[in-house]
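Colleague: I would like to learn how aromatic pairs are read in a model such as this one. Could you take me through it?

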Amino acid sequence: MIKAVFFDMDGTILNTLSDLTNAINYAFEKTGHKASYSDRDTKIFFGSGIRVAIKRGLASEQGKSKEELFLIGTDREKEVMDFDEKEIDRIQDIYMPYYSKNCNNLTGPYPGIKEMIEKLRKKGIKTAVVSNKPDIAVKKLSDEVFTGLFDVAIGEKPEIKRKPAPDMLRKAMELLEVEVNESLYIGDSEIDMLTAENVNMRSIICDWGFRDREFLSKKGADLIVSTADSLYEEIIRSGF
């Protein structure tokens, strides 16, 4: 029986694209880099935390292909280019306070998501957010957009490995006092698929977020949904 559902944030429950795009362009402009990226670019950059997003932006500036950008953040990153970690620090130091202040200007939940989570909670199901987004932004958006709808919200912070490492999800399970066979993970990307695999947890993948259905299918997603209603139906079918 499913007792808890764990959600990714960006691209799964929240459309954060415009605020992410504005923040990355702001940080890049202030540090003398290309600063004309679109929401389409941002979809590719994000998913594995801010440092990977910055690296993908810098690689894109150098003309690297979409396929090469997706290697950044993996063990094949060195095949793409060598990065100046001090420069990444410099960009991140500008990005972080700006995004923390402006993360909820243009951001909002995807259609039907809040209502779907409310229905789950009425059934007594625990809910949590597990995201590679900075922890301060995860908690702020959880509180401001989904007030009272999540029992736990965990974002990226130094003391815990980011997804697809299992640490964040295991920590959330510990806080909710549930076992893996009582849990279900919802995401929108290849990182989410790997995260669920690394914890041996069942997952459902959404195609309205940062990765399209064709990409997700090629990556081996077993169950892909296109609406909040269909997601709710699949969650119920998974074992309530």
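Modeller: What follows deals with aromatic rings in this structure.

Modeller: The model is predicted, so local features need pLDDT of at least 70 and side-chain atom pairs count only at pLDDT 80 or more, while totals for chains, interfaces and linings use all residues. Residues are numbered from 1 along each chain as its sequence is written, and side-chain values use heavy atoms, with hydrogens and water left out.

Colleague: How is a pair of aromatic rings described, and how many aromatic pairs are there here?

Modeller: A pair of aromatic rings is described by the distance of the centres and the angle of the planes. Rings of Phe, Tyr and Trp (its six-membered ring) pair if their centres lie within 6.5 Å, and planes under 30 degrees apart count as stacked, over 60 as edge-to-face and the rest as tilted; by this rule there are nine aromatic pairs. In one of them, Phe46 and Tyr95, the centres are 6.4 Å apart and the planes lie at 35°, so the pair is tilted.

Colleague: Are Phe46 and Tyr95 buried or exposed?

Modeller: Both Phe46 and Tyr95 are buried, where buried means under 20% relative accessible area, exposed over 50%, and partly exposed in between (1.4 Å probe, protein chains only).

Colleague: What is the geometry of the rings of Phe70 and Phe215?

Modeller: Their centres are 5.1 Å apart and their planes at 35°, so the pair of Phe70 and Phe215 is tilted. Phe70 and Phe215 are 145 residues apart, and the pair links distant parts of the chain; Phe70 and Phe215 are each buried. Elsewhere, one aromatic cluster is formed by Phe7, Phe146 and Phe150.

Key:
Helix = DSSP H or I, 4+ residues; strand = E, 2+ residues; numbered from the N terminus.
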